[in-house]
There are 2 protein chains.
Amino acid sequence: MPPPCPPPFDDGFRRHLHTLFCWRRDVRHFRTDPLPALLQARLLASCALAPSVGLSEPWRLVAVDDPDRRAAVRRNFLASNHLAQQAVQAGRAQDYARLKLAGLDQAPWHLAVFCESDPAQGGGLGRQSMPETLAFSAVMAIHTLWLAARAEGVGLGWVSILDAGTMTSILDVPPEWRFIAYLCLGYPAAEDDVPELERAGWEVRGASGAAVLQR
Amino acid sequence: MPPPCPPPFDDGFRRHLHTLFCWRRDVRHFRTDPLPALLQARLLASCALAPSVGLSEPWRLVAVDDPDRRAAVRRNFLASNHLAQQAVQAGRAQDYARLKLAGLDQAPWHLAVFCESDPAQGGGLGRQSMPETLAFSAVMAIHTLWLAARAEGVGLGWVSILDAGTMTSILDVPPEWRFIAYLCLGYPAAEDDVPELERAGWEVRGASGAAVLQR
């Protein structure tokens, strides 16, 4: 049997895909109304189509609903942010923290993402020289979820100012799971196609983003 | 001035996006004809729209054309693969290596991806607790490139069986750049919507891919 023909992606689709890349934002301000269960299921189904090293699918998703656990995540954020402020420009870091806290407090759907450190699936193929390709696979699952969410009008904010070891104990997951990211999801309170850090005058996209060195 | 309205992504676009996720493949067999320069430029422009921690855009791309450097990358792959075979099922690892070698030998466009270990851009925001979010940003740039490529009918294969330190010296890049991935790009020699590892009977997508733990 011949392999199936690839679907024809046309100029119209490519234009919209480019628009999706432009409009994907790290969202920090959410409406608090919950996301429909069917919509959540569709997003998780897209997420599961992400590439993974050796087809190991090492990502592990944890939906965090319990108010006590959410409060513990918030405390972890505040403590980690306190440490981080010693390293970056203080005023800016405080404002940045406020944005992230808004996401934690408002977003109706919280997803923690972990990564198996030695999954049986995949037979170890492709990851012996660079074990971090497992974590990289989990990151591509997050990015797939991010794009699928944006195409449904759903925003995602990635919280990274967290102590990883503490997350493992707060969420009571196997100690061999590596913490990758904490995601806030919900309908955005506002829409924009310019990154919030750029709108706040903190940073702009640089010339290096699309530069290529020749060798 | 009010922020711009978000573009309306409709059901048709979402269906095509899902199809794109389904058809994105780790491609190993390429036609050897080069990719048009304008197409390469479009793909790099999409890649530059990827999310990054603190808007740091830490990815650094290196196009590898020099035959001697390509040969050195191939030798690095063979040496790393020899070591990897001691850890995974030998016959399977050999077949897997053969697939990856085919990609290295046939693909017209080779891109090495590195990551700045302490970029000035972004002011250090968001990455103090988890410095690996810099590498994660580079991975999302790769995934953006991967999807944009697939939408243009271009295949991408990720080679991860490489010694990272050796890559830095082969490609003569700053020693503080961390090696992330070596990408082979070109028109696929064949198309399929089932992962090659699954077609070869080595691995299948598992139930864990879309599973969510409740906490």
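These notes go through a predicted model of two chains, A and B, taking the symmetry, the contact, the sheets and the helix packing in turn.

1. Relation of the two copies. Chain A is superposed on chain B by a rotation of 180° with 0.0 Å of shift along its axis, and the RMSD of that superposition is 0.0 Å. This is therefore the relation of a two-fold axis. The contact follows the same pattern, since the same surface serves both copies and 100% of the contact residues of chain A recur in chain B.

2. Extent and make-up of the contact. Chain A contributes 90 residues to the contact, and chain B contributes 90 residues as well. On the side of chain A that touches chain B, at least two residues are supplied by each of α1 (11-23), α2 (37-47), β1, α3 (67-84), α4 (90-106), α5, α7 (196-199) and β5 (212-214) of chain A. The largest share of that side comes from α1(A), with 10 residues. Sorted by class, the side of chain A that touches chain B holds 48 nonpolar, 22 polar and 20 charged residues.

3. A sheet with strands from both chains. Five strands, in the order β3(A)-β4(A)-β2(A)-β1(A)-β5(B), form an open sheet with mixed pairing. At its edges stand β3 (155-159) of chain A and β5 (212-214) of chain B, and each has a single partner strand, so one side of each is left without a neighbour in the sheet. From one strand to the next the twist averages 30°.

4. Where the strand of chain B joins. Strand β1 of chain A, residues 59-63, pairs with β5(B) in the parallel sense over 3 bridges, and within this region A63(A) stands opposite Q214(B) in β5(B). On this same sheet packs helix α5 of chain A (residues 133-151), which touches β1, β2 (109-116), β3 and β4 (177-186) of chain A and whose direction makes about 5° with that of β4(A).

5. The second sheet. Another set of strands, in the order β5(A)-β1(B)-β2(B)-β4(B)-β3(B), makes an open sheet of 5 strands, again with mixed pairing. Its edge strands are β5 of chain A and β3 (155-159) of chain B, each of which pairs on one side only, and the twist here averages 30° from one strand to the next. At the chain B edge, β3(B) and strand β4 of chain B (residues 177-186) run antiparallel and are joined by 5 bridges, with G155(B) having G186(B) in β4(B) as its bridge partner. Helix α5(B) lies across β1 (59-63), β2 (109-116), β3 and β4 of chain B, and runs at about 5° to β4(B).

6. Helix α5(A) against α1(B). Beyond its packing on the sheet, α5(A) also meets the other chain: its axis and that of helix α1 of chain B (residues 11-23) come within 10 Å and cross at roughly 165°. An angle over 145 degrees counts as roughly antiparallel, and α5(A) and α1(B) are therefore roughly antiparallel to each other. The crossing in which α5(A) passes α1(B) is left-handed. On the α5(A) side the contact involves T144(A), A148(A) and A151(A), which meet F13(B), R14(B), L17(B) and F21(B) in α1(B). The residues of this contact of α5(A) with α1(B) comprise 5 nonpolar, 1 polar and 1 charged.

7. The counterpart, α1(A) against α5(B). Here the helices pack at an angle of about 165°, with the axes of α1(A) and helix α5 of chain B (residues 133-151) 10 Å apart, and α1(A) and α5(B) are therefore roughly antiparallel to each other. α1(A) passes α5(B) in a left-handed crossing. The contact is formed by F13(A), R14(A), L17(A) and F21(A) of α1(A) together with T144(B), A148(B) and A151(B) of α5(B).

8. Packing inside chain A. The axes of α2(A) and α5(A) come within 8 Å and cross at roughly 140°, and the two helices, α2(A) and α5(A), are therefore oblique to each other. Their crossing is right-handed. The residues that make the contact are L43(A), S46(A) and C47(A) of α2(A), with A141(A), T144(A), L145(A), A148(A) and A149(A) of α5(A). By class, this contact of α2(A) with α5(A) has 6 nonpolar, 2 polar and no charged residues. T144(A) and A148(A) take part here and also in the contact of α5(A) with α1(B).

Definitions and conventions
Residues numbered from 1 in each chain as written. Chains lettered and ligands numbered in written order. Predicted model: local features only at pLDDT ≥ 70, side-chain atom pairs only at ≥ 80, totals over all residues. Pairing = 2+ DSSP bridges. Helix = DSSP H or I, 4+ residues; strand = E, 2+ residues; numbered from the N terminus. Axes fitted to C-alpha atoms, helices over the stretch in contact; angles between N-to-C directions. Contact = placed C-beta atoms within 7 Å. Nonpolar A, V, L, I, M, F, W, Y, C, P; charged D, E, K, R; others polar. Parallel < 35°, antiparallel > 145°, perpendicular 65-115°, else oblique. Left-handed = near helix turned anticlockwise from the far one by under 90°. Least-squares fit on C-alpha atoms with pLDDT ≥ 70 in both.
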